[in-house]
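Student: I would like a close look at one part of this protein, please. Could you take me through the side-chain contacts, starting with the charged ones, and explain your reasoning as you go?

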Amino acid sequence: MGGRHMRDFPYSVDGNGSTKGFVGLGEVKRQQAKTLEDFRKWVNDGDFGTLHSSHFDWWMFPIDERSSRGAAYILSPADAQRVATDAAFISDIREGVRLLLFSWGWDITTASPIPHPAPSQRWTGYSVRLFKAGRCMQTLNQPDYFAALLKFARYHHHQGDKLVFSSGNHSRGHCLDLWAQYVRPRWPGEEEA
C-alpha cells in the first residue's frame, strides 16, 4: 500500500465526524450483516450468479468517496477509524471480500485461481466492485486483503481483462491505477507522516 501518506478529507462532516448525509455506521453494519448472511447462503448453495447480480457494494465495502448513492455511504476518517478498531466489523468485511473472491473463482489463502470452479464461479468483469472492495481494504488499513485483491486484479489484467469502469468520482478509471494513486484521508488525531 505504499507509505503512510495522508490527505485531508474533502467532504463536509457533522459534529460526530461523520460525512453529512451518511446513513450511519449502525445502518451500514445492519445492511452488511444481512448481505453477509446472503453471501454465505449463496456460496454454500453454489449460487454464484445471484451473488454476482446482487447490489451490495455501498454498504458491504464502504469507501471514503462519493458513489452513485451520493454521500449516503461515504466513510469519513472518523468513521473509518471507528470501524477499523471494531473487530467484529473487520472480521465480517474480510469474510465478505473472501466470499466475493471465491465467487469469482479465486482462493484468497493461496492467492490463486480455484481448481475446478463451478461454471458460474468466475470473474464477471465487474471492475467497479473489485475497485470498491480494494479501496475499502485500503481505507480500513487491511493490507493483507488489499494485497490479495491486488494479486487477483493483476492476474486478470495479465489475462487481458481491462479492469476499467466509470463510477462516482471516476469518469473512467482502471483499478490498478486508481489503487496506486490512493492516499488515505488522515484520521482524527493522526499526524501527517
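Tutor: What follows is a walk along the first helix and its charged pairs, and then on to the aromatic rings and two unusual backbone positions. Please keep in mind that this is a predicted model.

Let's begin with helix 1, which covers residues 25-45. Here Arg-30 forms a salt bridge with Glu-27, and their closest N and O atoms are 2.7 Å apart. The two residues sit three apart in the helix, so about one helical turn separates them. Arg-30 is partly exposed, with a relative accessible area of 48%. Glu-27 is partly exposed as well, at 24%.

Further along helix 1, the side chains of Lys-34 and Asp-38 meet in a salt bridge, 2.8 Å from N to O. These residues are four apart, so again about one helical turn lies between them. Is each partner buried or partly exposed? Lys-34 has a relative accessibility of 45%, so it counts as partly exposed. Asp-38 comes to 19%, and because buried means under 20%, Asp-38 is classed as buried.

One more pair in helix 1 joins Lys-41 and Asp-45 through a salt bridge of 2.7 Å, N to O. They too are four residues apart, about one turn of the helix. Asp-45 is partly exposed at 47% relative accessibility, and Lys-41 is partly exposed at 49%.

Salt bridges can also join up into a network, and here one links Arg-40, Glu-95 and Arg-98. The count of salt bridges in the model comes to ten.

Now to the rings. The model has twelve aromatic pairs. Among them is Phe-56 with Phe-61: the ring centres are 6.3 Å apart and the planes meet at 70°, so the pair is edge-to-face. Phe-56 is buried, with a relative accessible area of 1%, and Phe-61 is buried at 1% too.

Another edge-to-face pair is formed by Phe-146 and Trp-179, with 5.3 Å from centre to centre and 75° between the planes. This pair links distant parts of the chain, since Phe-146 belongs to helix 7 and Trp-179 to helix 8 (residues 175-181), 33 residues apart. Phe-146 has 5% relative accessibility and therefore counts as buried. Trp-179 is buried as well, at 3%.

Ring pairs also build a cluster in this model: Trp-104, Trp-106, Trp-123, Phe-152 and Tyr-155 are linked in this way.

Finally, a look at the backbone. Which residue in the loop between strand 2 and strand 3 deserves a second glance? Ala-111 lies in that loop, between strand 2 (106-107) and strand 3 (112-113). Ala-111 has a positive phi of about 55° although it is not a glycine. With a relative accessible area of 18%, Ala-111 is buried.

Leu-163 is the other position to check, in the loop between helix 7 (143-158) and strand 4 (164-167). Leu-163 likewise has a positive phi, about 55°, without being a glycine. At 2% relative accessibility, Leu-163 counts as buried.

Terms used
Residues are numbered from 1 along each chain as its sequence is written. This is a predicted model: local features need pLDDT of at least 70, side-chain atom pairs count only at pLDDT 80 or more; totals for chains, interfaces and linings use all residues. Side-chain values use heavy atoms; hydrogens and water are left out. Buried means under 20% relative accessible area, exposed over 50%, partly exposed in between (1.4 Å probe, protein chains only). Rings of Phe, Tyr and Trp (its six-membered ring) pair if their centres lie within 6.5 Å; planes under 30 degrees apart count as stacked, over 60 as edge-to-face and the rest as tilted. A salt bridge is a side-chain nitrogen of Lys or Arg within 4 Å of a carboxyl oxygen of Asp or Glu.
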